[in-house]
Amino acid sequence: GSSPSGREGRDFMRPYRREKVASVIHEIVSEAILRRINDPRVSPLTTVTRVELSGDLLIATVYLSVCGDAAEERRTVTALRHAGGFIQRMVAHELELRQCPELRFETDEKLKKVKQTLQLLDENRRNLPDLAEAEDGPDGTDPGVDPVAADLDLDDPDLDDSEERDA
């Protein structure tokens, strides 16, 4: 049979533990960027977007979003890599694991792609002729107006539910 201290018990706890460790690292690195690192190369508009841990919890990849141009992004990531030991000691102190995960700093390319996609959608929306003004809805009404709301008389005293009604 398998006892609670057997392998299954450990595997069962691992996903929660990984989430918890990632969450603590996210918090500490965010705090370090905000208040502890005095390197002028680190942009004040740097956000930790996510932290991914390897299965063995030995490597933590910290993904960053830097509000600024590519040069500012590179300077920030380089400076954080230089401060890696300092940040890692803060993480080690907080986590109290037998072996603290090695921190790796990367820009969040996934977030960049999402931002670019949203910008493209926004540009497309602005470049298309405004169809809402050009056409009426399928039933001949203005598609921008809710037909139910348009029929309501907002001054109708029966619609006022602000005062208690008699039973």
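# A walk through the strands, helices and core

Read from the N terminus, the elements of this chain follow the order α-β-β-α-α-β-α-α-α. You are looking at a predicted model, with six helices and three strands in the chain.

**Stop 1: the whole chain**

Start with everything selected and a surface switched on. The chain exposes about 12,700 Å², and carbon and sulfur atoms supply 51% of that area. Buried residues account for 26% of the 167 residues. Now think about contacts in the chain between residues at least 6 apart in sequence: 61% of them join residues at least 24 apart.

**Stop 2: the hairpin**

Select residues 46–53, which form strand S1, and residues 59–66, which form strand S2. The two strands pair in the antiparallel sense, over seven bridges. To check the register, show Arg50 and Tyr63: Arg50 stands opposite Tyr63 in S2. Then try Glu52, which stands opposite Thr61 of S2.

Next, look at the turn. Five residues lie between the strands of this hairpin, and Leu57 takes a positive phi there, near 65°.

**Stop 3: S2 and its other partner**

Keep S2 on screen and add strand S3, residues 102–107. In which sense do S2 and S3 pair, parallel or antiparallel? They pair in the parallel sense, over six bridges. Two positions help you line them up: Ala60 stands opposite Leu103 in S3, and Thr61 stands opposite Arg104 in S3. You have now met Thr61 twice, as it also stands opposite Glu52.

Colour S2 by accessibility and you will find it mostly covered, with seven of its eight residues buried. S3 offers another pattern. Its covered face holds Leu103, Phe105 and Thr107, while Glu102, Arg104 and Glu106 are on the uncovered face. In a regular strand, side chains alternate between the two faces of the sheet.

**Stop 4: Val48**

Go back to S1 and centre on Val48, which lies in this strand. Is Val48 buried or exposed? Val48 is buried, because its relative accessible area is 5%, and buried means under 20%. Show the surroundings and leave aside neighbours within four places in sequence: Val48 is in contact with His26, Val29, Ser30, Ile33, Val62, Tyr63 and Leu64. For a distance to try in the viewer, pick the C-alpha atoms of Val48 and Ser30. They are separated by 6.0 Å, although the two residues are 18 apart along the chain.

**Stop 5: helix H2**

Select residues 70–82 for helix H2. This helix has 13 residues and reaches 18 Å from its first C-alpha to its last, close to the 18 Å expected at 1.5 Å a residue. Show Glu73, Thr76, Val77, Ala79 and Leu80, which are buried. Turn the view to look down the axis of H2: its buried residues fall within an arc of 165°, so they line one face of the helix. The face turned away from that buried side carries the exposed residues Arg74 and His82. An α-helix has 3.6 residues a turn, so residues three or four places apart point the same way.

**Stop 6: helix H3**

Move on to residues 84–95, helix H3. H3 has 12 residues and reaches 16 Å between its first and last C-alpha, close to the 16 Å expected at 1.5 Å a residue. Its buried residues include Gly84, Ile87, Met90, Val91 and Leu95. Seen down the axis of H3, the buried residues fall within an arc of 130°, so they line one face of the helix. Arg89 and His93 are exposed on the other side of H3. H3 is followed by Glu96, where phi is positive, near 55°.

**Stop 7: the core**

Finish inside. Which residues touch the most other members of the largest nonpolar core? Of its 28 residues, these are Ile25, Val29, Val62, Ile87, Leu103 and Phe105. Helix H1 (7–36), S1, S2, H2, H3 and S3 each supply at least two residues of this core. H1 gives the most, with eight residues.

For a last view, centre on Leu103. Leaving aside its neighbours within four places in sequence, Leu103 is in contact with Ile25, Val29, Ala60, Val62, Ile87, Gln88 and Val91. Val29 and Val62 should be familiar, since both are also among the contacts of Val48.

Key: Residues are numbered from 1 along each chain as its sequence is written. This is a predicted model: local features need pLDDT of at least 70, side-chain atom pairs count only at pLDDT 80 or more; totals for chains, interfaces and linings use all residues. Side-chain values use heavy atoms; hydrogens and water are left out. Buried means under 20% relative accessible area, exposed over 50%, partly exposed in between (1.4 Å probe, protein chains only). Helices (H or I, at least four residues) and strands (E, at least two) are DSSP runs, numbered from the N terminus. Two strands pair if DSSP finds at least two bridges between them. A nonpolar core is a set of buried Ala, Val, Leu, Ile, Met, Phe, Trp, Tyr and Cys residues joined through side-chain atoms within 4.5 Å. Contact means heavy atoms within 4.5 Å. Accessible areas come from the Shrake-Rupley method with a 1.4 Å probe; for residues, only the protein chains shown count as cover. The expected span of a helix is 1.5 Å times one less than its number of residues. The arc is that of the directions from the helix axis to the C-beta atoms.
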